[in-house]
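I opened the notebook today to look over one protein chain from the outside in. Here is what I looked up, in the order I went.

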Amino acid sequence: MDNNRFIRLLVRNFLFWLSRKIDHPLVPADALQINFTFNCNLRCKMCSMHERMESNKALNRPVDLDIDTIKKLIREGADMKVRSLILIGGEPFLEPRLFELVAYGVSCGITSITVVTNGTIMSEKLVEEMFKSRLSSLSVSIDASSEESFARIRGQKYLAKIIANINLINEMKEQRKENIPSICCVCTIMDQNLEELTGVIELCRQLKIGKIIFQPVVGDNTDQAKADAGSDVFVKPERFQVLDNAINAIIQYKKSSADNFDFIANSLQNLESIKKYLRGRSGAEKMNCYAGFNRIQIVQEGKVYFCVKQPEHEATFGDVKRDSLRSLWYSGRARVLRKLIRKCDKPCLQWCSYRDDFDVIVAERQKSELFK
């Protein structure tokens, strides 16, 4: 790492650290995340999106953001100097104007744009649109290495389809001599896939995926604060040793070479923490959560989202159609919720609570020690 980048990294990291201390952002967020639809073509075991969509419909509450509002958010996020844009659902590929939004983000000056997808809906035409829009990154969810386990988790035997779609993107990248979109895999760790986590790593390597992120399951992915260790997807006590063996295997893989170290995006500390979290014990250690600072999250109802305990506090506020993103992000209400986030004693270990930049310096040191 060159000295100039190191200094910039230190300054930005310090400002994020200080922001958390005073419950007020002193530096632009790393990312703008727009959860623009609940709609999805899958009914995954660990996902509450469909139930939330049906609940909202019954209450006559919004289930999608319209295109004009999404463009407004992208434009305002760019004005706030956010570094990247994340478009997520539900399933974003169900939106026919998805790549119009990506292209709009690029035109606003946001060059780091990620679409989070289950990877099942793709065609040569869609991939062509992907290239034209200049999408920089695709995040694909893969939670199993066998079709049978995939179906138990995701509801249908779609793993072969996802593999074919990723191969299609790679082939078209080679034909066009393109290096974007880069592809990463997000794998949710749960009771149903502990035996296949190393298999997912091997599969991702075969598919020429750039990196893999492991994250533990949450009780309700429409509300990360609702951790439920009694849920079917949480690891049963009699399988804690299986969990430890699976995580240890990931750690050993990460430590086996410099390339593998980078391929597993999780830090070594994070992987160890997942063991405790899935035992319902992660509150025993203090972890700094940067939710409310590193990522501006907008939910399908058109409000800013903060992951505080929803039964006790309203976790969404404002109206992004009416109010400016800047006024909401720096509002007094946001400050109140940031204080509540800082008091959270049950970290969910989801990627939105982390800042990759904090791990870079530690990771570089660990890598230099491991691979002298």
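A note to myself before counting: helices are DSSP runs of H or I with at least four residues, strands are runs of E with at least two, and both are numbered from the N terminus. The model is a predicted one.

**Entry: elements.** With that rule, I get 14 helices and nine strands in the protein chain.

**Entry: the sheet.** I asked in which order the strands lie. The nine strands make an open sheet, and I read the order as β6-β5-β4-β3-β2-β1-β7-β8-β9. Its pairing is mixed. At the edges I find β6 (211–216) and β9 (316–317), each paired on one side only.

**Entry: one end of the sheet.** I then looked at how β9 is attached. Strand β8 (residues 304–305) is joined to β9 by two bridges, and the two run antiparallel. Across from V304 I find F317 in β9. A reminder for the bench: strands of a sheet pair through backbone hydrogen bonds, either parallel or antiparallel.

**Entry: overall form.** Is the chain's radius of gyration what a compact globule of 372 residues would have, or what else? I get 20 Å, which agrees with the value near 21 Å for such a globule. The C-alpha atoms fill a box of roughly 50 × 50 × 50 Å along the principal axes.

**Entry: inside and surface.** I counted 54% of the 372 residues as buried. Among contacts with a separation of 6 or more, 76% are between residues 24 or more positions apart. The accessible surface comes to about 16,700 Å², and carbon and sulfur atoms hold 49% of that.

**Entry: charge.** I find 56 positive and 47 negative side chains, with the centres of the two sets 5 Å apart.

Definitions and conventions. Residues numbered from 1 in each chain as written. Predicted model: local features only at pLDDT ≥ 70, side-chain atom pairs only at ≥ 80, totals over all residues. Heavy atoms only, no water. Pairing = 2+ DSSP bridges. Rg over C-alpha atoms; globule rule 2.2 N^0.38 Å. Buried < 20%, exposed > 50% of the residue type's maximum accessible area, 1.4 Å probe, protein only. Contact = heavy atoms within 4.5 Å. Areas by Shrake-Rupley, 256 points an atom, 1.4 Å probe, with all protein chains shown as cover. Lys, Arg positive; Asp, Glu negative; His and termini not counted. Charge placed at Lys NZ, Arg CZ, Asp CG, Glu CD.
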